[in-house]
Amino acid sequence: MKKRIFSGIKPSGDLHIGNYLGAIQNWVALQEEYDSIFCVVDMHAITVPQDPATLRKRTLEIAKIYLAAGIDPKKCSIFIQSYVSEHAELAWILNTIAKIPELEKMTQFKDKSVKDGKESVLVGLFDYPVLMAADIILYDTQLVPVGKDQKQHIELARELAQRFNYKFGETFVIPEAYTKKESENIMGLDDPTKKMSKSAKSEYNYIALSDDAETVRKKIKKAVTDSGSEIVYSDDKPALKNLINIYSLLDNKTPKEVETLFVGKGYADFKSALAEVIIQFLEPFQKRMAELSDEKVLKILEDGAKKVQSIAKKKLEEVKKKIGFIV
Ligand code: AQP
């Protein structure tokens, strides 16, 4: 029996190379070895206000990104979260064993509370880590390939699965996060102390997967660098380290090999080479995306939902029986 992985991305903004390198690139590699389930988590997206037409468009776009990146629907199940209502049902049940302080610890809730005041936080945003726990444990997931920012949520999923098992008997597999050191936290181009983020205020924070060549060149040229002039991979040069990471992950080289390529050269040479590496990745990727019709993608998503629904239904039935519902 293959081990199972599950992961998803929310259609709440333009995806960037941080999302690709931190999550999707690993999914593509893991799909060969694992029983893989990948989801477009639209129910997570609505935890912040969304324009309905934009949400629909972005949901399809995320699925196209998965496919253009190399996720193979013959090997994996790809679906839209809201197609499978068991996610919401299990989340409700898990709400009855989750504790308020556990959710108050979550970074997104804390950030929003500090920024805009606790009274402005919507219940959905506060509670979404429980929905994420449900997404994961519904499928007896063993491994969850994500970026570093999501590790806190996997911890909660583990905790809730263990708590349920303890209260009602062995039911859920305890999942583990899967990250890779070089890609788990791609930092903002404008600020290497914060992660690259789709909700960043400035577009100079990220390279979007939809950026054209000129935009990439402009953004990389503007990216902040550290003092000095040599191309060295070191913790005390966080901006450069981040750029070298991006280069090495997209060009399939180790950071050492990238350093060696630029011995005796300066930031300008390095940055223009990095921009070309990114463009060489993005152009064929965008071409593959453009070739995917909405109809074809919708069919893949419907087929994916059918495949996972039987797993979800069975697990939810087991849960309902255990807690005393008549099924
Ligand atoms: N900077 C990053 N480096 C590495 N991995 C990252 N991920 C996100 N940012 C980085 C990973 O990408 C996946 C996307 O998940 P998501 O869109 O559901 O949520 P997110 O983590 O909240 O992503 P963003 O881009 O930061 O969006 P906003 O700004 O809307 O919150 C996850 O696996 C995540 O770890």
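## Exercises: packing, cores and a buried glutamate

Helix 3 (residues 52-69) and helix 13 (residues 294-323) pack with their axes 10 Å apart, at an angle of about 85°. Axes here are lines fitted to C-alpha atoms, for helices over the stretch in contact, and angles run from 0 to 180 degrees between N-to-C directions. Helices (H or I, at least four residues) and strands (E, at least two) are DSSP runs, numbered from the N terminus.

The model is predicted: local features need pLDDT of at least 70, side-chain atom pairs count only at pLDDT 80 or more, and totals for chains, interfaces and linings use all residues. Residues are numbered from 1 along each chain as its sequence is written, and side-chain values use heavy atoms, with hydrogens and water left out.

**Exercise 1. Classify the packing of helix 3 against helix 13, and find the residues that meet.**

Step 1. Take the angle of about 85°. Angles under 35 degrees count as roughly parallel, over 145 as roughly antiparallel, 65 to 115 as roughly perpendicular and the rest as oblique. Helix 3 is therefore roughly perpendicular to helix 13.

Step 2. List the contacts (heavy atoms within 4.5 Å). Helix 3 supplies L60, A63, K64 and L67. Helix 13 answers with D294, V297, L298, I300 and L301.

**Exercise 2. Locate the largest nonpolar core relative to the domains.**

Step 1. Define it. A nonpolar core is a set of buried Ala, Val, Leu, Ile, Met, Phe, Trp, Tyr and Cys residues joined through side-chain atoms within 4.5 Å. Buried means under 20% relative accessible area, exposed over 50%, partly exposed in between (1.4 Å probe, protein chains only).

Step 2. Size it. The largest core has 62 residues, and I24, Y66, L209, I246, F270 and I278 have the most contacts inside it. Helix 12 (residues 267-290) gives the largest share, 11 residues.

Step 3. Place it. Domain 1 (4-179 + 293-323) and domain 2 (203-289) both contribute residues, so this core lies between them. The domain bounds come from an automatic or database domain assignment.

Step 4. Look beyond it. Another core, of 42 residues, lies apart; F6, V84, F126 and V308 are among its members.

**Exercise 3. Is E184 buried or exposed, and which side chain joins it in a polar contact?**

Step 1. Find E184 in the loop between strand 5 (176-178) and helix 9 (213-222).

Step 2. Check its relative accessible area: 14%, so E184 is buried.

Step 3. Identify the partner. The side chains of E184 and K151 share a polar contact of 3.3 Å. Such a contact is a pair of N or O atoms within 3.5 Å; within protein, one must be able to donate a hydrogen and the other to accept it, and residues adjacent in sequence count only if both atoms are side-chain atoms.
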